[in-house]
Structures are given as structure tokens and as C-alpha cells.
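Me: I would like to go through this model and ask what stands behind each term used for it.

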Amino acid sequence: MKGEQSLLEGPNRSFRENSTPAVIQYRSRLASLTEYDVEQVKIANYADTVKQLDAYYGQVKRQILNHQSSTTGLFPQMTEEKEIASIRDSIYCAVAIWSLYQAYKRIDDDRGKAYELGQSAVKCMRGILFCWMRQAEEKLEKYKMNQCPEHALHSRFHLETGQPLEEDPECDNYGHLQLDVVSLYLLFLVQMIMSGLQIIYTMDEVNFVQNLVYYVERAYRTPDFGMWERGSKYNDNTPEIHASSIGMAKSALEAINGCNLFGDKGASWSVVYVDIDAHSRNRSIFETLLPRESSSKVSCFLR
């Protein structure tokens, strides 16, 4: 229509219709410069990422891996500790190592660091598994019949041998019944297996993990010593029902239900299942108990 001018008319039209060699060379130069700039940005970002990962790798080597036991794969609670290994702190250390392993998997050339980090995490998780499997008949089977602190799986072991600390003078007064520790182990066990790490090897280990699921399913009615490892706030060595333990058990049950412990190579007999009724009871008691932590501990939101 008259009075209307297309965007291709005027100088834009003459520029686009001009196909002289000079214009073609100019256009190709613009395109090549744009691609070059984008590639340089990608290279710079990749180099910065590798540099940051290497810095984190140095910190993990100095502050975590240097303190890992060469025999059991466990970690002490304090750096100067040479005999007592804490299961809770070992799980935290394994998760930190595994997180850096996940980051190294995303770069092209990790120079073998991803494999080293992944196997270090596997060694720690299997070390915890072996320590608990030694107590299968002595503790776990009895605990399924009677949920009392005397039959609980231990939360501390000898750092080098992996044996229970029977000779420890504080062992009798230490509250090993910490359901959140076992739940935390199950939760990160599933995540590590889903990331591609092979942690469970045989059906004996699969059956034991299924027993660990039974171990935490009754968290809604089992008083334990909680994440503070002391029971009630009066420090009288009295266990009580903790919302944090129930919540951690609920998360672990949701994560491991239907999980194949052999990963992608597993079959139907290596799948772990959860009692749905037990999960529902944990959820209802957890919602009822909140926002309190326990009968003697009040949540910080109520203060």
C-alpha cells in the first residue's frame, strides 16, 4: 500500500540486496568475530571452573582425605583423634567428597580426580556397612524384637579396626541409639548409587540394607538420643522421641523405597521396599510433634 514503507526499503534494503564481495567479506567477518568471542568466553569460564575445582580438591585432600583411615575408610570426629571413628562425621565427610566428585564429572579432563574422589566415598560408605554388618546378629536382630538402647547399632567404632569400643570407659554412658544416623546413611546411600557409584556388591549386603530399613521404620515410637547424642536436655542419659530423627527416617524411607541397590545393572531381587503403613505413621507423628523437637526440647521458633 502507498504511504507504508517496508523495513526492507530505504538504506536497509540497499544494504541487504548489495552482494558485492566487500559486503560478503564484511558479513563473514562479523559472524566469525561473534563465534570467536563466544568461544573465548566458554574457554575462559571453563578454565575458571577447573581452577576453582582444583582449589576445592586441594582443600578436600588436606582437610578430609588425609584423615581417612587406610583400613576402614572411616573418619575421626576430631583431627587429633587416633582411635575413635564417628559414623555421623564419616557420613558428612563422604558426602563432601562425593559432592566434589559430582562436580568433576561435568568437566572433560578431570585427570583422574573424579575416580579418586568417588572411590574414597565408596570406601567410607562400605566401611560403615562392614562395621554394622558385624553387629547383625548381636544387635540388629535383637533390636527388631525389642527397640531398646542396649540393642542399638553403634555410632562409634575403632578407627583402624572397625570393632566396637568396648574398652572405652565412656562407651557404657554413650547413647548409640541414634536413628537419624542410620537414616542419614540410607539417604545418601541411595543418592550415591543413583549417581553411578557401585557401593553394594552382594545379596548379603542387599539383605542387610533391607534390615536397616526395618531398623528405622519404627522411629515414630522409638525414643533415641537424637542428633545431639545425649537424649533429653537434662543430660541424664534418658532417650526420648525426637522430631529430627522421625523426619530423617521419613526422608530415608521415601528415598530408598523401590531403589535398586545394584544400580542400572540390578534385577528385581536387589530392590529395597518400605512398609507404607510405617511411613504413614512416621509422617503423622512427625507433623503432630512439630514445631517441638521433643518433650524436653523446644524449637527455636517458639522461643
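**Core, helices and turns**

Reply: The largest nonpolar core has 70 residues, and those with the most contacts inside it are Trp132, Tyr185, Ile200 and Tyr215. This is a predicted model, in which local features need pLDDT of at least 70 and side-chain atom pairs count only at pLDDT 80 or more, while totals for chains, interfaces and linings use all residues. Residues are numbered from 1 along each chain as its sequence is written, and side-chain values use heavy atoms, with hydrogens and water left out.

Me: What makes a set of residues a nonpolar core?

Reply: The set must consist of buried Ala, Val, Leu, Ile, Met, Phe, Trp, Tyr and Cys residues joined through side-chain atoms within 4.5 Å. Buried means under 20% relative accessible area, exposed over 50%, and partly exposed in between (1.4 Å probe, protein chains only). In soluble globular proteins, nonpolar side chains tend to be buried together.

Me: Which residues is isoleucine 200 in contact with, leaving aside its neighbours within four places in sequence?

Reply: Contact means heavy atoms within 4.5 Å. For isoleucine 200, that list holds Arg126, Leu129, Leu189, Ile193, Glu205, Val206, Val209, Leu261 and Phe262.

Me: Why is H7 called largely enclosed?

Reply: Eleven of the 15 residues of H7 are buried, so the rest of the structure largely encloses this helix. Among them are Phe208, Val209, Leu212, Val213 and Tyr215. The buried residues of H7 pack against H4, H5, H6, H8, E4 and H9. Helices (H or I, at least four residues) and strands (E, at least two) are DSSP runs, numbered from the N terminus.

Me: How do you know that the length of H7 agrees with what is expected?

Reply: The expected span of a helix is 1.5 Å times one less than its number of residues. For the 15 residues of H7 that gives 21 Å, and the end C-alpha atoms are 21 Å apart, so the two agree. H8, with 14 residues, reaches 20 Å from its first C-alpha to its last, close to the 20 Å expected.

Me: What covers the buried residues of H8?

Reply: The cover includes H6, H7, strand E3 (259-260), strand E4 (271-272) and H9. The buried residues of H8 include Ile246, Ala249, Leu253 and Ile256. After H8 comes glycine 258, with a positive phi near 80°.

Me: Why is H4 called oblique to H6?

Reply: Their axes come within 11 Å and cross at roughly 135°. Angles under 35 degrees count as roughly parallel, over 145 as roughly antiparallel, 65 to 115 as roughly perpendicular and the rest as oblique. The H4 and H6 pair is therefore oblique. Met125, Ile128, Leu129 and Trp132 of H4 make the contact with Val181, Val182, Tyr185, Phe188, Leu189 and Met192 of H6.

Me: Why does glutamate 229 count as partly exposed?

Reply: Its relative accessibility is 21%, so glutamate 229 counts as partly exposed. Glutamate 229 is found in the loop between H7 and H8, and its phi is near 60°, a positive value in a residue other than glycine.

Me: What makes asparagine 237 partly exposed?

Reply: Asparagine 237 has a relative accessible area of 40%, and is therefore partly exposed. Asparagine 237 also lies in the loop between H7 and H8, with a positive phi near 60°.

Me: Which residues does a cis peptide bond join?

Reply: The cis bond joins leucine 290 and proline 291, with omega about 5°. Proline 291 is in the segment after helix H9 (276-289).

Terms used. Axes fitted to C-alpha atoms, helices over the stretch in contact; angles between N-to-C directions.
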